[in-house]
Amino acid sequence: MSFAPLPSVPAASVPADALVLDVREDDEWAAGRVEGALHVPMSDFVARFAEVGEQLAEHGRAYVMCRVGGRSAQVTQYLVQQGYDAVNVDGGMLAWEGAGRPVVADNGPGFVA
């Protein structure tokens, strides 16, 4: 049995108005994140799936992100299997920061933890 490759995009290609779904844990999120991202830690994902579904219904596509791309790949695969339009952000927050995209925290500029 063959599987379709996981849909993915480079961090530099994520549209500015995209729905970014951040699946990192709370401490990682607090250190730095994409402004306006939806934070649903992977550990809470199943419990909060309805919330994610509502956001996807509104925005269409989710750009799923974690620190380096492993957890987000798992969540992306799950969303695609459920029939949602989701893509993994290659390299996660490290690639986002490396591409010069802004990282914010509660009190100003953030960093990737």
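In the predicted model, Leu19 of strand 2 has Ala62 in strand 4 as its bridge partner. Strand 2 covers residues 19-22 and strand 4 covers residues 61-65. The two strands run parallel and are joined by 4 bridges. Further along this pairing, Leu21 stands opposite Val64 in strand 4. On the side of strand 3 (residues 38-39), strand 2 is joined by 2 bridges, again in a parallel arrangement. Here Leu21 stands opposite Leu38, and the bridge partner of Asp22 is His39.

In a regular strand the side chains alternate between the two faces of the sheet. In strand 2, Leu19 and Leu21 lie on one side, and Val20 and Asp22 lie on the other. These four residues are all buried, and both faces of strand 2 are thus covered.

The pairings belong to an open sheet of 5 strands in the order 1-5-4-2-3, with parallel pairing. Strand 1 and strand 3 are the edge strands, each pairing on one side only. Strand 4 is joined to strand 5 by 4 bridges, and these two strands run parallel. Within this pair, Ala62 stands opposite Ala86 in strand 5. Ala62 is also the residue of strand 4 that partners Leu19. Strand 4 is largely enclosed by the rest of the structure, because 4 of its 5 residues are buried.

Helices connect and cover the strands. Strand 2, helix 1 (residues 26-31) and strand 3 make a right-handed β-α-β unit. A right-handed β-α-β unit is also made by strand 4, helix 3 and strand 5. Helix 3, residues 70-81, lies across strand 2, strand 4 and strand 5. The direction of helix 3 is at about 165° to strand 5. Helix 2 (residues 49-59) packs on the sheet and touches strand 2, strand 3, strand 4 and strand 5. The angle between the directions of helix 2 and strand 2 is about 160°.

In soluble globular proteins, nonpolar side chains tend to be buried together. The largest nonpolar core in the model has 15 residues. Val14, Val34, Met65, Met93 and Trp96 have the most contacts inside this core. Strand 4, strand 5 (residues 85-90) and helix 4 (residues 92-98) each supply at least two of the core residues. Another core, of 14 residues, lies apart from the largest one. Leu19, Val23, Leu56 and Leu79 are among the residues of this other core.

Two residues of the largest core were examined through their contacts, leaving out residues up to four places away in sequence. Val14 is found in the loop between strand 1 (residues 8-10) and strand 2. With a relative accessible area of 3%, Val14 falls under the 20% limit and is therefore buried. The residues touched by Val14 are Val9, Val20, Tyr63, Val89, Trp96 and Arg101. Val14 and Val87 are 73 residues apart in sequence, and their C-alpha atoms are 9.9 Å apart in space. Val34 touches Val20, Met65, Met93, Trp96, Pro102 and Val104. Val20 and Trp96 thus appear among the contacts of Val14 and among those of Val34.

Side chains of opposite charge can pair when their charged atoms come close. The model contains 5 salt bridges. One of them joins the side chains of Arg24 and Asp22, at 2.8 Å from N to O. Both Arg24 and Asp22 are buried. Asp22 is also the residue of strand 2 that pairs with His39.

In a further salt bridge, the side chains of Arg48 and Glu51 meet at 2.9 Å, N to O. Arg48 counts as partly exposed at 25% relative accessibility, as does Glu51 at 29%. Asp85 forms a salt bridge with Arg61, and the closest N and O atoms are 2.9 Å apart. Asp85 lies in strand 5 and Arg61 in strand 4, so this pair ties together parts that are 24 residues apart in sequence. Relative accessibility is 35% for Asp85, which counts as partly exposed. Arg61 likewise counts as partly exposed, at 33%.

Methods
Residues are numbered from 1 along each chain as its sequence is written. This is a predicted model: local features need pLDDT of at least 70, side-chain atom pairs count only at pLDDT 80 or more; totals for chains, interfaces and linings use all residues. Side-chain values use heavy atoms; hydrogens and water are left out. Buried means under 20% relative accessible area, exposed over 50%, partly exposed in between (1.4 Å probe, protein chains only). Two strands pair if DSSP finds at least two bridges between them. A crossover is right-handed if, with the strands pointing away from the viewer, the path from the first strand over the helix to the second runs clockwise. A nonpolar core is a set of buried Ala, Val, Leu, Ile, Met, Phe, Trp, Tyr and Cys residues joined through side-chain atoms within 4.5 Å. Contact means heavy atoms within 4.5 Å. A salt bridge is a side-chain nitrogen of Lys or Arg within 4 Å of a carboxyl oxygen of Asp or Glu. Axes are lines fitted to C-alpha atoms, for helices over the stretch in contact, and angles run from 0 to 180 degrees between N-to-C directions.
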